[in-house]
Amino acid sequence: MKLSTKSRYAVMAMCDLASSAQGRPISLAEIALRQDISLSYLEQLFARLRRAGLVRSVRGPGGGYLPGKALGDMRIAEIVQAVDIDTPRGNCTPGAPHCCSDKATHCQTHDLWEQLGKQMLWFLNRVTVEDVLAGRVPGASTTKDPKAQAAAD
């Protein structure tokens, strides 16, 4: 798994949307301004997020976007996978007959990178948008939830 700028921006924008929406649609222009992300880039990201069911659009005056599901059910991994579906997940392709070395065998570090990608995905599947907004990111030194911090330690 590879975390691209596209993934990072999508997570930032989703967290901004979730914290700002409060039941009213938020325009991409508002998010673009707050997060310093190009509006056209956000439009591309939100098209993918909408197709994945992570956001829903509201048309007309006062329109914009709302989260597509409960924040406690929206996993960070879903956001990353929705926008990075076409992005290679690293130099070595899991399950391919060859990898970055273009030889018939895997490179010496193939298993290392493959397992690291799996660990990243496992971690991102444990964290929801609600967790991020509440400061409950497992392992973070700034975790606001004492139970989550104790479990991480």
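Helices here are DSSP runs of H or I with at least four residues, and strands are E runs of at least two, numbered from the N terminus. Keep in mind that the model is predicted.

**Exercise 1. Take stock of the chain: how many helices and strands are there, and in what order do they run?**

Start with the count: the chain comes to 7 helices and 2 strands. Next, put them in order from the N terminus, which gives α-α-α-β-β-α-α-α-α. Then add some overall numbers. Of the 153 residues, 36% are buried. The accessible surface is about 9100 Å², with 53% of that belonging to carbon and sulfur atoms. Finally, look at the contacts between residues at least 6 apart in sequence: 55% of these join residues at least 24 apart.

**Exercise 2. Work out in which sense strand 1 and strand 2 pair, and what lies between them.**

Strand 1 covers residues 55–58 and strand 2 covers residues 64–67; they pair in the antiparallel sense over 4 bridges. For one specific pair, take Val58, whose bridge partner in strand 2 is Gly64. The two strands form a hairpin, with 5 residues between them. In that turn, check Gly60: its phi is positive, at about 95 degrees.

**Exercise 3. Decide whether Val55 is buried or exposed, and list what it touches.**

First, locate Val55: it's in strand 1. Its relative accessible area is 3%, and the cut-off for buried is under 20%, so Val55 counts as buried. Now for the contacts, leaving aside neighbours within four places in sequence. Val55 is in contact with Met14, Leu17, Phe46, Leu49, Arg50, Tyr65, Leu66, Pro67 and Gly68. Pick Met14 from that list: it is 41 residues away from Val55 along the chain, yet their C-alpha atoms are separated by 8.5 Å.

**Exercise 4. Classify how helix 1 packs on helix 2.**

Helix 2 spans residues 28–35, and helix 1 packs against it at an angle of about 115 degrees, with the axes 10 Å apart. Angles of 65 to 115 degrees count as roughly perpendicular, so helix 1 and helix 2 are roughly perpendicular to each other. As for handedness, helix 1 passes helix 2 in a right-handed crossing. On the residue level, Met12, Ala13, Asp16, Leu17 and Ser20 in helix 1 meet Ile31, Arg34 and Gln35 in helix 2.

**Exercise 5. Explain why helix 4 is largely enclosed, and describe how it sits against helix 5.**

Count first: 6 of the 8 residues of helix 4 (residues 76–83) are buried, so the rest of the structure largely encloses it. Those buried residues are Ile76, Ala77, Ile79, Val80, Ala82 and Val83. What covers them includes helix 1 (5–21), helix 3 (39–51), helix 5 (110–126) and helix 6 (129–134).

Now the geometry. Helix 4 and helix 5 pack at about 120 degrees, with their axes 6 Å apart. That makes helix 4 oblique to helix 5. The residues that meet are Ile76, Ala77, Val80 and Gln81 in helix 4 with Leu121, Leu124 and Asn125 in helix 5.

**Exercise 6. Find where Thr128 is placed and what it touches.**

Thr128 is in the loop between helix 5 and helix 6. Despite the loop setting, its relative accessibility is 3%, so Thr128 counts as buried. Not counting residues up to four places away in sequence, Thr128 touches Leu71, Gly72, Met74, Arg75 and Ile76. You've already met Ile76 as one of the buried residues of helix 4.

Key. Residues are numbered from 1 along each chain as its sequence is written. This is a predicted model: local features need pLDDT of at least 70, side-chain atom pairs count only at pLDDT 80 or more; totals for chains, interfaces and linings use all residues. Side-chain values use heavy atoms; hydrogens and water are left out. Two strands pair if DSSP finds at least two bridges between them. Buried means under 20% relative accessible area, exposed over 50%, partly exposed in between (1.4 Å probe, protein chains only). Contact means heavy atoms within 4.5 Å. Accessible areas come from the Shrake-Rupley method with a 1.4 Å probe; for residues, only the protein chains shown count as cover. Axes are lines fitted to C-alpha atoms, for helices over the stretch in contact, and angles run from 0 to 180 degrees between N-to-C directions. Angles under 35 degrees count as roughly parallel, over 145 as roughly antiparallel, 65 to 115 as roughly perpendicular and the rest as oblique. A crossing is left-handed if the near helix is turned anticlockwise from the far one by less than a right angle, and right-handed if clockwise.
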